[in-house]
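Grab a coffee and open the viewer. Below are a few exercises to work through at your own pace.

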Amino acid sequence: RTFVFTCSPRGSLLFTSVIMPMYNASCWLDECLQAILHQDFTGTMELSVFDDASTDDSRNVVERWRERLEARAISVVVSGHNSAQPRGVGYAKNKAISQSCGQYFCFQDADDVMLPQRVRLQYEASTLHPNSLIGCKVQRVPEGSTERYTRWINTITQDQLITQVYMSHGPTVVMPTWFCSRNWYLKVGPFDEGGKGVPEDLLFFYQSLRQGGGVARVDQCLLVYRYHEKATTHSVTEETIWKLRVDFLQERVLSQWESFTIWNAGKQGRKLYRSLSPTNQKKVKAFCDVDDNKIQKGFYTYEESKQRPKPKIPVLHYKDASAPFIICIKLDMTGGVLEENLNSLQLKEGMDYYHFN
């Protein structure tokens, strides 16, 4: 892969580029740009915007802020295209990066708002962890939207940033909070440019982990993270995400295990079993559950199998099952019962079990 980026004649790289893809964001931009203006970071900084064929006046709004930003020594680089259709977030991010000059990238969605210390604190963290994706805690607006997801973003531990990468929530540090070095992006990237329906953030996140990259979070709220129906997240199907997660789990975890138990004999557990490669299906020694009805049946028959006789997998009570486990139960939905059951078995996450809910 070749990467080309050009910098202004002023010579050396800047410290930080705020990377902002933009599509029909005019109603959010004043708040977003004002927050960039009010950063307390004292290093050199620029804003690099790529307009992905907006049909509103987004580009004019950015231009109206140019003078104020430049007065605060924040240089502004804006480009875009006017095709009939947007090319997608991955394409727009790559373009914003290719025209930027920063040694570090602060990714900013045009509909979110950064707090004044965001660039400073994430820059400090990124210089300490140059081969990591750095995130932060968030405040979700409107308040109460995606309550469980927001709680997960803000409360998982540093270890869980690595062990919980297989969950349906996606990247353990969420893309709108990302900060990383240019060198790390060049090693991992670019973003996938498949456009609508492609989870470019998840693909990049997995690729970063494959390259041995770390994940870290500044444990302060540094971003107001907006939830609304127009968000591009909504264009990615659950099935697309499911398949990517299963493949990554098989590659990173199941390939290292000789056998394992699926914790949940219900719909999600059985779906995971059916999604596995034949090699990994053979490694499933049991399902386990707390539901007496499922346990009394004694086993699960894989009816769709071409094998004869059809595989029959035992269904056990979790206390009779043996580690390691893949846990297919939604976290934070059992009133702490799942967590208590795991603790009672004295299991270590990332060694004896992984969550895949």
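Four exercises follow, each with a worked solution.

Before you start: this is a predicted model, where local features need pLDDT of at least 70 and side-chain atom pairs count only at pLDDT 80 or more, while totals for chains, interfaces and linings use all residues. Residues are numbered from 1 along each chain as its sequence is written, and side-chain values use heavy atoms, with hydrogens and water left out.

**Exercise 1. Work out how strand β2 is covered and which strands pair with β2.**

Step 1. Helices (H or I, at least four residues) and strands (E, at least two) are DSSP runs, numbered from the N terminus. Strand β2 spans residues 45-52.

Step 2. Check the burial, where buried means under 20% relative accessible area, exposed over 50% and partly exposed in between (1.4 Å probe, protein chains only). Eight of the eight residues of β2 are buried. One side carries M45, L47, V49 and D51, the other E46, S48, F50 and D52, and both faces are covered.

Step 3. Look for the neighbours; two strands pair if DSSP finds at least two bridges between them. β1 (residues 14-22) runs parallel to β2, joined by seven bridges, and T16 stands opposite M45. β3 (residues 74-81) is also parallel to β2, with eight bridges; here V49 has V78 as its bridge partner.

Step 4. Trace the connections. From β1 the chain passes through helix α1 (residues 26-37) to β2 in a right-handed β-α-β crossover. Right-handed means that, with the strands pointing away from the viewer, the path from the first strand over the helix to the second runs clockwise. A right-handed β-α-β unit is also made by β2, helix α2 (residues 58-71) and β3.

**Exercise 2. Find out what I36 touches.**

Step 1. Locate I36: this residue sits in helix α1.

Step 2. Is I36 buried or exposed? I36 counts as buried because its relative accessible area is 0%.

Step 3. List the contacts, meaning heavy atoms within 4.5 Å. Leaving out residues up to four places away in sequence, I36 touches V18, M45, L47, L69, I74 and M114.

Step 4. Add a distance: I36 and E46 are ten residues apart in sequence, and their C-alpha atoms are 9.6 Å apart in space.

**Exercise 3. Place strand β8 and see what covers helix α8.**

Step 1. Start with β8 (residues 214-226), which is antiparallel to β5 (residues 113-114) through two bridges. V113 stands opposite V224 there.

Step 2. Move to β6 (residues 132-141), which runs parallel to β8 with ten bridges. S132 faces G214 across that pairing.

Step 3. Turn to α8 (residues 200-210), where E200, L202, F204, F205, Y206, S208 and L209 are buried. Their cover includes α3 (89-98), β6, α6 (160-163), α7 (182-188), β8 and α9 (238-252).

Step 4. Just past α8, look at G212, which has a positive phi of about 90°.

**Exercise 4. Describe the second largest pocket.**

Step 1. Its volume is about 320 Å³. On a 1 Å grid over the protein atoms alone, a pocket is an open set of points where a 1.4 Å probe fits, with protein on both sides within 12 Å along at least five of seven lines; lining residues have an atom within 4 Å of a point. Grid points are joined across faces, edges and corners, and the volume is the space filled by probe spheres set on the points.

Step 2. Of its 21 lining residues, Q160, Q164, L331, D332 and E339 are the closest to the centre.

Step 3. α5 (147-155), α13 (337-344) and β14 (353-355) each give two or more residues to the lining, and α5 gives the most, with four.
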